[in-house]
Amino acid sequence: MELTAKQKAIKYFSYCLIILLADLLQNTPGLFPQIFGARCFLLLPVAVILAMSEDMIGGALIGLFAGLLWDVSGAVHLGFNCIYITVICLLTSVFVTYIARDTFITNMISCTTAIVVYCLLYWLCFMVLKKVQGAQITILTFYIPCAIYTTACTPIIWLVLKQIKKKLKIA
């Protein structure tokens with residue numbers, strides 16, 4: 001069933017609000033709990049789950065918006081989040097369009113892969129390659145706990161977003 005222009009506008013406006021809320025929760029200290037110093041990277045699963053039901057361009061634009069917000073929120077490494085989330089959302093939407101279906105398992109595998117690869121790439125590019133003092137231990141003390149925390153929150157995020165997508169008549 002094809003959506004009308006008004007329905008598409010409402011859908012994408014809602015997606016933008018959801019991504020803005022996720023960015024606010026993720027990047028404002030004290031709004032989302034940290035567990036033993038581990039942060040939840042909410043924008044990764046939110047962007048990937050929203051991109052699942054989109055075509056290639058829609059998925060990439062969702063990733064672009066989420067990555068831009070994350071880069072604007074951070075003072076360093078401008079462009080990394082934007083490029084990474086855009087590529088991941090594009091690949092995810094292509095994967096669901098041509099190979100798999102938008103199911104719980106597909107969402108969890110895609111989100112977990114995106115989270116783990118993000119943490120490893122970020123650690124490698126901005127800690128190890130820049131030869132930051134103590135970079136080797138940060139993988140154990142920060143990046144792996146953040147990946148576990150974000151992955152643990154992903155099913156809850158999926159449940160919430162699935163209901164919103166149903167309300168928007170897209171799921």
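Is Glu2 buried or exposed? In this predicted model, Glu2 is exposed, with a relative accessible area of 63%. The side chain of Glu2 meets that of Lys8 in a salt bridge, with an N to O distance of 3.2 Å, and Lys8 counts as partly exposed, at 34% relative accessibility.

A search of the whole structure finds three salt bridges, one of which is the pair formed by Lys8 and Glu2. Another joins Lys11 to Glu54, the closest N and O atoms being 3.1 Å apart. Lys11 belongs to helix H1 (residues 5-27), whereas Glu54 sits in the loop between helix H2 (43-52) and H3, so that this salt bridge ties together parts that are 43 residues apart in sequence. Both Lys11 and Glu54 are buried.

A further salt bridge is formed by the side chains of Asp102 and Lys165, at 3.5 Å from N to O. Because Asp102 is located in the loop between H4 and helix H5 (104-128) and Lys165 in helix H6, the pair ties together parts that are 63 residues apart in sequence. Asp102 counts as partly exposed at 25% relative accessibility, while Lys165 counts as buried at 3%. Helix H6, in which Lys165 is placed, spans residues 135-167. The side chain of Lys165 is also joined to that of Ser53 by a polar contact of 3.4 Å.

With regard to the cysteines, a search of the whole structure finds zero disulfides. For Cys125, which is in no disulfide, the nearest cysteine sulfur is that of Cys119, at 13 Å; Cys125 counts as partly exposed, its relative accessibility being 27%. Cys146 is likewise in no disulfide, and the nearest cysteine sulfur to Cys146, again that of Cys119, is 6.1 Å away. Because a disulfide is a pair of cysteine sulfur atoms within 2.5 Å, the 6.1 Å between the sulfurs of Cys146 and Cys119 does not qualify. Cys146 is buried, with a relative accessible area of 0%.

On the surface, a nonpolar patch of about 880 Å² is made by Met56, Ile57, Leu61, Leu64, Leu68, Leu90, Phe95, Tyr98 and Ile99. The elements contributing two or more residues to this patch are helix H3 (56-73) and helix H4 (80-98), and H3 gives the most, with five residues. Met56, one of the patch residues, lies in helix H3 and counts as partly exposed at 38% relative accessibility.

Note on methods
Residues numbered from 1 in each chain as written. Predicted model: local features only at pLDDT ≥ 70, side-chain atom pairs only at ≥ 80, totals over all residues. Heavy atoms only, no water. Helix = DSSP H or I, 4+ residues; strand = E, 2+ residues; numbered from the N terminus. Polar contact = N/O pair within 3.5 Å; in protein donor to acceptor, adjacent residues only side chain to side chain. Buried < 20%, exposed > 50% of the residue type's maximum accessible area, 1.4 Å probe, protein only. Patch = residues over 30% accessible without salt bridge, like charges linked within 9 Å, V, L, I, M, F, W, Y side chains within 5 Å. Areas by Shrake-Rupley, 256 points an atom, 1.4 Å probe, with all protein chains shown as cover. Salt bridge = Lys/Arg side-chain N within 4 Å of Asp/Glu carboxyl O.
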